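I opened the model to look up a few things about its helices and its interior, and I keep the entries here in the order in which I made them.

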Amino acid sequence: MKRIWQPEELIEHWTLLPSEETLVKRKTASHRLGLALLLKFYQYEGQFPANKGDIPTQAIRYVAEQLKLDPNRFDKYDFNGRTVKAHRVAIRDFLGFRVLLDLLC
């Protein structure tokens, strides 16, 4: 993923839509920011980030600003635990994707 973003690119690719805000609004602050960043990253890249470092700092700041959160909250987001797995499932459900188990066998 690119590291430097122009303001209009941030607006186009990292702005949360009302339905996306609804998806994240019931989470704690760090989970809300983490879920929102995973969602927007997935929409742009077509895959989830492998680690936190894959998400550009500018995007973290921009999304945090929309959610009225301190961008440092993302430091508290557990990228290896159950929460991130649950967020990935929630994002796939929200976007209408299903994992076809038959293809995985």
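Which residues does Arg-32 touch, not counting residues up to four places away in sequence? I found Val-24, Lys-25, Lys-27, Leu-67 and Leu-69. I note at the outset that this is a predicted model, and I read every contact with that in mind.

**Entry on Arg-32.** I placed Arg-32 in helix H3 and then looked for a partner for its charge. Arg-32 is buried yet has no salt bridge, and the nearest side chain of opposite charge, that of Glu-21, is 9.9 Å away. A salt bridge would need a side-chain nitrogen within 4 Å of a carboxyl oxygen.

**Entry on H3.** I checked the helix that holds Arg-32 for its length, and its 17 residues reach 24 Å from the first C-alpha to the last, close to the 24 Å expected at 1.5 Å a residue. I then turned to its surroundings: 13 of the 17 residues of H3 are buried, so this helix is largely enclosed by the rest of the structure. Just after H3, I noted that Gly-46 takes a positive phi of about 80°.

**Entry on the core.** Which residues have the most contacts inside the largest nonpolar core? That core has 28 residues, and I listed Trp-14, Leu-33, Leu-37, Ile-55, Val-63, Leu-67 and Phe-74 as those with the most contacts inside it. Helices H1 (7-14), H3, H4 (57-66) and H5 each supply at least two residues of this core, and the largest share, 9 residues, comes from H3. I followed Leu-33 further and, leaving aside its neighbours within four places in sequence, found it in contact with Ile-60, Val-63, Ala-64, Leu-67, Leu-69, Asp-70, Pro-71, Arg-73 and Phe-74.

**Entry on H4 and the residue after it.** In H4, I found Ala-59, Ile-60, Tyr-62, Val-63 and Ala-64 buried, and what covers the buried residues of this helix includes H1 and H3. H4 is followed by Lys-68, which has its place in the loop between H4 and H5. Phi of Lys-68 is near 55°, a positive value in a residue other than glycine. Is Lys-68 buried or exposed? At 75% relative accessibility, it counts as exposed.

**Entry on H5.** I compared the span of H5 (residues 82-95) with expectation: at 1.5 Å a residue its 14 residues should span 20 Å, and the end C-alpha atoms are 20 Å apart, which agrees. In this helix Val-84, His-87 and Ile-91 are buried. Why do I assign them to the same side of H5? They cover an arc of only 55° around the axis, which puts them on the same side. I recall that an α-helix has 3.6 residues a turn, so residues three or four places apart point the same way. On the other side of H5, Arg-82, Lys-85 and Asp-93 are exposed, while what covers the buried residues includes helix H3 (29-45). I closed this part with Gly-96, which follows H5 and whose phi is positive, near 85°.

**Entry on Ser-19.** I looked last at Ser-19, which lies in helix H2 (residues 18-24) and is partly exposed, with a relative accessible area of 41%. How far apart in space are Ser-19 and Phe-94? I noted a C-alpha to C-alpha distance of 9.4 Å for this pair, although Ser-19 and Phe-94 are 75 residues apart in sequence.

Key:
Residues numbered from 1 in each chain as written. Predicted model: local features only at pLDDT ≥ 70, side-chain atom pairs only at ≥ 80, totals over all residues. Heavy atoms only, no water. Helix = DSSP H or I, 4+ residues; strand = E, 2+ residues; numbered from the N terminus. Expected span 1.5 Å × (residues − 1). Buried < 20%, exposed > 50% of the residue type's maximum accessible area, 1.4 Å probe, protein only. Arc of directions from axis to C-beta. Contact = heavy atoms within 4.5 Å. Lys, Arg positive; Asp, Glu negative; His and termini not counted. Core = buried A, V, L, I, M, F, W, Y, C linked by side-chain atoms within 4.5 Å.
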